Amino acid sequence: MNIFLIPSWYPDEKNYVQGIFIKEQFNALAEFKRDSNFIVSHLRNFNLPLKKPTESLRSVVDYSKQHKTIFKEQGPNLSVIENSALAWTDKLKGNISQQVKARFENFLFARKKFGHIDLIHAHVSYPAGFAAMKLKERYGVPYIITEHMGPFPFQHFIKKGKLSEKISLPVKNSDRMIAVSSSLADKIKEYTGKSSVVIPNVVNENEFLPLPEGKLNNDKITFLTVCSLIESKGINELLHAAKNACGINERIEFIIAGNGVMKKDILSFITAHDLSDRIFLETDLDRKKVTEHFRNCDAYVLPSHHESFGVSYIEAMACGKPVIATDCGGPADFINSDNGLLVPVNDIEEISNAILYMAEHLGKYDRKVINKYFMENFSRKVVSEKIFSVYEEVTGANR
């Protein structure tokens, strides 16, 4: 089977983090389904910001120099076809047509190299799903969409109470929808009438795994947070809850790892409340350092306002760590009494109470039990089998 993969986000040399969970899924599929070819369509977008004409002009020049199709073999049955596209705000016409044109070029390149394409798998209904729909219209190839959007739909896709056709048409015309959580599936159904198969994101169990000997330093109880430093991740609530918890339990400390617009706010809060020896902010991170933090912490906490899934919670559970999450969507699918606590969104007191409770009852959370639950539900082989079963259903129905 030849599967053409269209991610809306995909890591590259400029940003190794964006869409990393999508890349992990592609790698897993290729590893466990050796008799199929997985061809990734990756776009290098050259952005044209309306308010920065000099930057826009530079992007046009760079695009004209670099616009070409590049084929890269990532493994025996996994390859990436890179292409370029000019990108501007959706408020102006023509942006999506540029994206679709580049996807068409990649598709034709893939078909010439690999022959018949059996299936298109897009990640996120717009822009990837929209391009998949156009490919199906032209070439008759069935497509499925895995939706990650959270909250669904983004507010700018709602006009006068109606869902934009940029979202509704790709969803309704898809041969199958996959949602990464039950709450997301419910939202898709509410807005489009389309039912979804729920299949979670994948986490690499060879990178995220428990320390064989357990945590080395037991003097402190370390709570870890890894996320983009933005308001919707519940950073304000986390800081105030952390301050409260630190005032009650002198062994508790926090590591907040990530980058984003709230970096200065976090540093100011730490200084203002004299917490520099209890709350540590780390922004200089790579993949190896992140996994080390997950393996060495005692517990994980992320009080998000909304999560379509919540990969970082699963990365913590893969390492055998209990998690504290808010009842914000995706986490409701996988938080249970054995692996963590679910608290209300925006509730500083409940977040603080959960931190204190977990610190006092770490012994009740068995890292082997937590890791076993992860392996049975979110490991690469388990998730790959679920996705491939959808592939077989769709391609079988279209033969």
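Let's start with Phe208 and what it touches. Leaving out residues up to four places away in sequence, Phe208 is in contact with Val203, Arg287, Thr291, Phe294, Glu315, Ala318 and Cys319. This is a predicted model, so read every value as computed. Where does Phe208 sit? In the loop between S10 and S11. Buried or exposed? Phe208 is buried, because its relative accessible area is 1%, and the cut-off for buried is under 20%.

Now take Phe208 together with Ile314. In sequence, 106 residues separate Phe208 from Ile314. In space, their C-alpha atoms are 9.3 Å apart.

Ile314 brings us to helix H10. H10 covers residues 311-318. How many of the eight residues of H10 are buried? Eight of the eight, so the rest of the structure largely encloses this helix. Here is the roll call. Val311, Ser312, Tyr313 and Ile314 are buried, and Glu315, Ala316, Met317 and Ala318 are buried too. Two of these, Glu315 and Ala318, are contacts of Phe208.

What do the buried residues of H10 pack against? Three helices are on the list: H1 at 20-32, H9 at 287-296 and H12 at 367-378. Strands S11 at 221-226, S14 at 299-302 and S15 at 323-326 are on it as well. One backbone detail follows the helix. Just after H10, Gly320 has a positive phi of about 80°.

Next, the sheet. Eight strands form an open sheet with mixed pairing, in the order S3-S4-S2-S1-S5-S6-S9-S10. Its edge strands are S3 and S10, the latter at 197-198, and each pairs on one side only.

Look at S4 in that sheet. S4 runs over residues 78-87, and 10 of its 10 residues are buried. In a regular strand, side chains alternate between the two faces of the sheet. So which residues of S4 lie on each side? One side has Leu78, Val80, Glu82, Ser84 and Leu86. The other has Ser79, Ile81, Asn83, Ala85 and Ala87. Both faces are covered.

S4 has S2 and S3 as partners. S2, residues 37-47, pairs with S4 in the parallel sense over 10 bridges. In that pairing, Ser41 has Ile81 of S4 as its bridge partner. S3, residues 70-75, pairs with S4 in the antiparallel sense over five bridges. There, Gly75 is bridged to Leu78 of S4. S3 and S4 make a hairpin, with two residues between them.

Elsewhere in the sheet, S5 and S6 pair. S5 is residues 119-123, S6 is residues 143-147, and they run parallel over four bridges. Ala122 has Ile145 in S6 as its bridge partner.

Last, the whole chain. The protein has 13 helices and 16 strands. Its radius of gyration is 22 Å, which agrees with the value near 21 Å for a compact globule of 399 residues. The C-alpha atoms fill a box of roughly 65 × 50 × 40 Å along the principal axes. Buried residues make up 52% of the 399.

On contacts, consider those with a separation of 6 or more. Residues 24 or more positions apart account for 68% of them. The exposed area is about 18,300 Å², and carbon and sulfur atoms supply 50% of it. As for charges, there are 51 positive and 48 negative, and their mean positions are 9 Å apart.

Definitions and conventions:
Residues are numbered from 1 along each chain as its sequence is written. This is a predicted model: local features need pLDDT of at least 70, side-chain atom pairs count only at pLDDT 80 or more; totals for chains, interfaces and linings use all residues. Side-chain values use heavy atoms; hydrogens and water are left out. The radius of gyration is taken over C-alpha atoms; the globule rule is 2.2 Å times the number of residues to the power 0.38. Buried means under 20% relative accessible area, exposed over 50%, partly exposed in between (1.4 Å probe, protein chains only). Contact means heavy atoms within 4.5 Å. Accessible areas come from the Shrake-Rupley method with a 1.4 Å probe; for residues, only the protein chains shown count as cover. Lys and Arg count as positive and Asp and Glu as negative; His and the chain ends are not counted. The place of a charge is taken as NZ of Lys, CZ of Arg, CG of Asp or CD of Glu. Two strands pair if DSSP finds at least two bridges between them.
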